[in-house]
Amino acid sequence: MNTFTRPARFVPAALTLTALSLGAASAQQSAQRQMTPEMQARLKAMQPITDLAQTVRLLPDLEKNRATALSKAQAAQLLPILTTLQKAAAVQPNDAGKYLTQIEDKILTSKQLTALDGLFLKAEKEREAQRAQRQSAQGGGQTAGARIPGLPGGLGALGGNRSGGQGQSAQGQPGQFNPFKQDRLADQLKAYVALLKKK
């Protein structure tokens, strides 16, 4: 069993940063005040799904380096998980946690996990730069549209205040949507599964 675990700063820090980090301390404090206890509880419940979505989104990047690319045996272990995620009507937080543990503890090597952590950090820095750029263009901005990987619509969806009907707000409920059937992540996952099948 692989004993390497992702540094604590990623869980729940990565999601907290993704949802709340606005660059300026005063803006961050006001963002935290805007989150209701219900929103915070949903955010916490979504954590395993968000972590899994972020991991799966970054897995293809391991293939760019021969030293971290998955072996044929690893691909064979990973494919059933990925195809299950593709087909599921909704992903439950408990299932997401189990899949993530299986990927990190039984499939990926320590070297691959270290590379994955580096990719997490890089992605987080890029998101922060994009947020800062958007906010300077908007002259401040609000957190309602803050993007959370794997969560359609960002924080607005968590609050259920978006004007898009009940189907939209249901997507922000843990266990009631599948991030792996959403837009770009669905396309990336399809391409990655095809790549793994060729190994």
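Visitor: Why are α4 and α9 called roughly antiparallel to each other?

Guide: Helix α4 (residues 72-87) and helix α9 (residues 183-197) pack at an angle of about 150 degrees, their axes 10 Å apart. The axes are lines fitted to C-alpha atoms, for helices over the stretch in contact, with angles running from 0 to 180 degrees between N-to-C directions. Angles under 35 degrees count as roughly parallel, over 145 as roughly antiparallel, 65 to 115 as roughly perpendicular, and the rest as oblique. So α4 and α9 come out as roughly antiparallel. One thing to keep in mind: this is a predicted model, where local features need pLDDT of at least 70 and side-chain atom pairs count only at pLDDT 80 or more, while totals for chains, interfaces and linings use all residues. Residues are numbered from 1 along each chain as its sequence is written, and side-chain values use heavy atoms, with hydrogens and water left out.

Visitor: Which residues of α4 and α9 meet?

Guide: On the α4 side you have Ala75, Leu78, Leu79, Leu82, Thr83 and Gln86, and they meet Leu189, Lys190, Tyr192, Val193, Leu196 and Lys197 in α9. Contact here means heavy atoms within 4.5 Å. By class, the contact of α4 with α9 has 8 nonpolar, 2 polar and 2 charged residues. For the classes, Ala, Val, Leu, Ile, Met, Phe, Trp, Tyr, Cys and Pro count as nonpolar, Asp, Glu, Lys and Arg as charged, and the others, Gly among them, as polar.

Visitor: What makes α4 and α5 roughly antiparallel to each other?

Guide: Same kind of check: the axes of α4 and α5 come within 11 Å and cross at roughly 175 degrees. Therefore α4 and α5 are roughly antiparallel to each other as well. Gln74, Gln77, Leu78, Ile81, Thr84 and Leu85 of α4 make the contact with Tyr99, Gln102, Ile103, Lys106 and Ile107 of α5. Sorted by class, that contact has 6 nonpolar, 4 polar and 1 charged residues.

Visitor: And what makes α3 oblique to α5?

Guide: α3 and α5 pack at an angle of about 40 degrees, with axes 8 Å apart. That value falls in none of the named ranges, so α3 is oblique to α5. Ala45, Pro48, Ile49, Asp51, Leu52 and Thr55 of α3 touch Pro93, Ala96, Gly97, Tyr99, Leu100, Ile103 and Glu104 of α5. The class count for α3 with α5 is 9 nonpolar, 2 polar and 2 charged residues.

Visitor: How do you know that Leu70 counts as buried?

Guide: Buried means under 20% relative accessible area, exposed over 50%, and partly exposed in between (1.4 Å probe, protein chains only). Leu70 has 3% relative accessibility, so Leu70 counts as buried. You'll find Leu70 in the loop between α3 and α4. Not counting residues up to four places away in sequence, Leu70 touches Leu62, Glu63, Ala75, Leu78, Leu108, Gln112, Tyr192, Leu196 and Lys199.

Visitor: Why is Asp183 called exposed?

Guide: Asp183 has a relative accessible area of 64%, over the cut-off, so Asp183 is exposed. Asp183 sits in helix α9, and has a positive phi of about 40 degrees although it is not a glycine.

Visitor: What makes Pro80 and Thr101 partly exposed?

Guide: Pro80, in helix α4, has a relative accessible area of 43%, so Pro80 is partly exposed. Thr101, in helix α5, is at 41% and therefore counts as partly exposed too. Pro80 and Val193 are 113 residues apart in sequence and 9.7 Å apart in space, C-alpha to C-alpha.

Visitor: What is the largest nonpolar core made of?

Guide: A nonpolar core is a set of buried Ala, Val, Leu, Ile, Met, Phe, Trp, Tyr and Cys residues joined through side-chain atoms within 4.5 Å. The largest one has 32 residues, and Leu78, Leu82 and Phe180 have the most contacts inside it. α3 (37-58), α4, α5 (93-107), α6 (110-138) and α9 each give two or more residues to this core. Leaving aside neighbours within four places in sequence, Leu82 is in contact with Val56, Leu189, Tyr192, Val193 and Leu196.

Visitor: How many helices and strands are there in the protein?

Guide: There are 9 helices and 0 strands. Helices (H or I, at least four residues) and strands (E, at least two) are DSSP runs, numbered from the N terminus. Buried residues make up 43% of the 199 residues.
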